[in-house]
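Me: Please take a close look at one part of this model, the charged side-chain pairs and what surrounds them. Please give the reasoning in one connected account.

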Amino acid sequence: LDDVDFIRPIGKMCAADGSIDFNNVDLKINDQAESDFAGLLKGRCEYRLYVKYRLQDYGGSDVFMRAATLYANDWQQVNEYEYKVELWDILKLLQTTKIPARLFENISLAKIVSQILDSVGIDSYNLDPDDFDESSVVKYFWASGDETIFDILNRLCESYQSAIFVDEFGI
């Protein structure tokens, strides 16, 4: 989204990622059962990013708003006292998964998106019912089978000036 494109004002997909460095000087991050962090070093974890808004100057109180839901598969131990975690949103799955070649003909843009996501088992998405109307019918759209789902959906967004994003709840 940070690339300047004066011809197409919208129509790109953007995956979120990042990393966290954990300081473990007190050695509380370990696999011992009595640790508060037991099991944290194994498997997939969900991280929820919140932003704190200070509203005292406006007669209110502090408000925490969820900004993102990110995931991590594993932790890398940098040294005895430090861990690094690489984070990614659900669009990462779309960047690594391909679907078979397919031709979409005379269906709405929303139906194409839902059929692509359904074909790889992604069922937690939200489309506006108005997106299924006849005004957004795509005559022909071809997925070659060589592209990832992310690339196919990105090409669809660019071609039809649409936007696909993951909200703060990972949907």
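**Salt bridges and their surroundings**

Reply: E46 forms a salt bridge with R48, and the closest N and O atoms of this pair are 2.7 Å apart. The coordinates belong to a predicted model, and side-chain atom pairs were counted only at pLDDT 80 or more. Side chains of opposite charge can pair when their charged atoms come close. E46 has a relative accessibility of 39%, so this residue counts as partly exposed.

The pair is not an isolated case, since a search of the whole structure finds four salt bridges. One of them joins the side chains of K52 and D62, with an N to O distance of 3.3 Å. K52 belongs to strand β2, whereas D62 lies in the loop between β2 and β3, so the contact ties together parts that are 10 residues apart in sequence. K52 is partly exposed because its relative accessibility is 42%. D62 falls in the partly exposed class as well, because its relative accessible area is 27%.

Another salt bridge brings together the side chains of R155 and E147, at 2.8 Å from N to O. R155, with 28% relative accessibility, is therefore partly exposed.

The surroundings of K52 can be followed through V63, a residue of strand β3. The C-alpha atoms of V63 and K52 are separated by 5.7 Å, although the two residues are 11 places apart along the chain. When neighbours within four places in sequence are left aside, V63 is in contact with V51, K52, Y53 and L55. The relative accessible area of V63 is 32%, so V63 is partly exposed.

V63 is also part of a nonpolar patch on the surface, together with V51, Y53, L55, Y58 and M65. The accessible area of these residues together is about 570 Å². Strands β2 (45–53) and β3 (63–72) each supply at least two residues of the patch. L55 sits in the loop between these strands. Its relative accessible area is 30%, and L55 is therefore partly exposed.

For contrast, one may turn to a helix with many covered side chains. In helix α2 (residues 109–119), the buried residues are L109, A110, I112, V113, S114, I116 and L117. An α-helix has 3.6 residues a turn, so residues three or four places apart point the same way. The cover over the buried residues of α2 includes α1 (91–96), β6 (102–108), β7 (137–143) and α3 (149–160). After α2 comes G121, which has a positive phi near 85°.

Helix α2 also borders open space. Rolling a probe the size of a water molecule over the atoms shows where empty space is left. The largest pocket has a volume of about 620 Å³. It is lined by 26 residues, of which N126, L127, A163, I164 and F165 are the closest to its centre. The elements that give two or more residues to this lining are α1, α2 and α3. The largest share, four residues, comes from α2.

To return to the request, E46 and K52 are both partly exposed members of salt bridges. The K52–D62 pair links strand β2 to the loop between β2 and β3, and V63 of the nonpolar patch is in contact with K52.

How values were computed
Residues are numbered from 1 along each chain as its sequence is written. This is a predicted model: local features need pLDDT of at least 70, side-chain atom pairs count only at pLDDT 80 or more; totals for chains, interfaces and linings use all residues. Side-chain values use heavy atoms; hydrogens and water are left out. Patches are made of residues with over 30% relative accessible area and no salt bridge: like charges are joined within 9 Å, nonpolar side chains (Val, Leu, Ile, Met, Phe, Trp, Tyr) within 5 Å. Accessible areas come from the Shrake-Rupley method with a 1.4 Å probe; for residues, only the protein chains shown count as cover. Buried means under 20% relative accessible area, exposed over 50%, partly exposed in between (1.4 Å probe, protein chains only). Contact means heavy atoms within 4.5 Å. On a 1 Å grid over the protein atoms alone, a cavity is a set of points where a 1.4 Å probe fits but cannot get out, and a pocket is an open set with protein on both sides within 12 Å along at least five of seven lines; lining residues have an atom within 4 Å of a point. Grid points are joined across faces, edges and corners, and a volume is the space filled by probe spheres set on the points.
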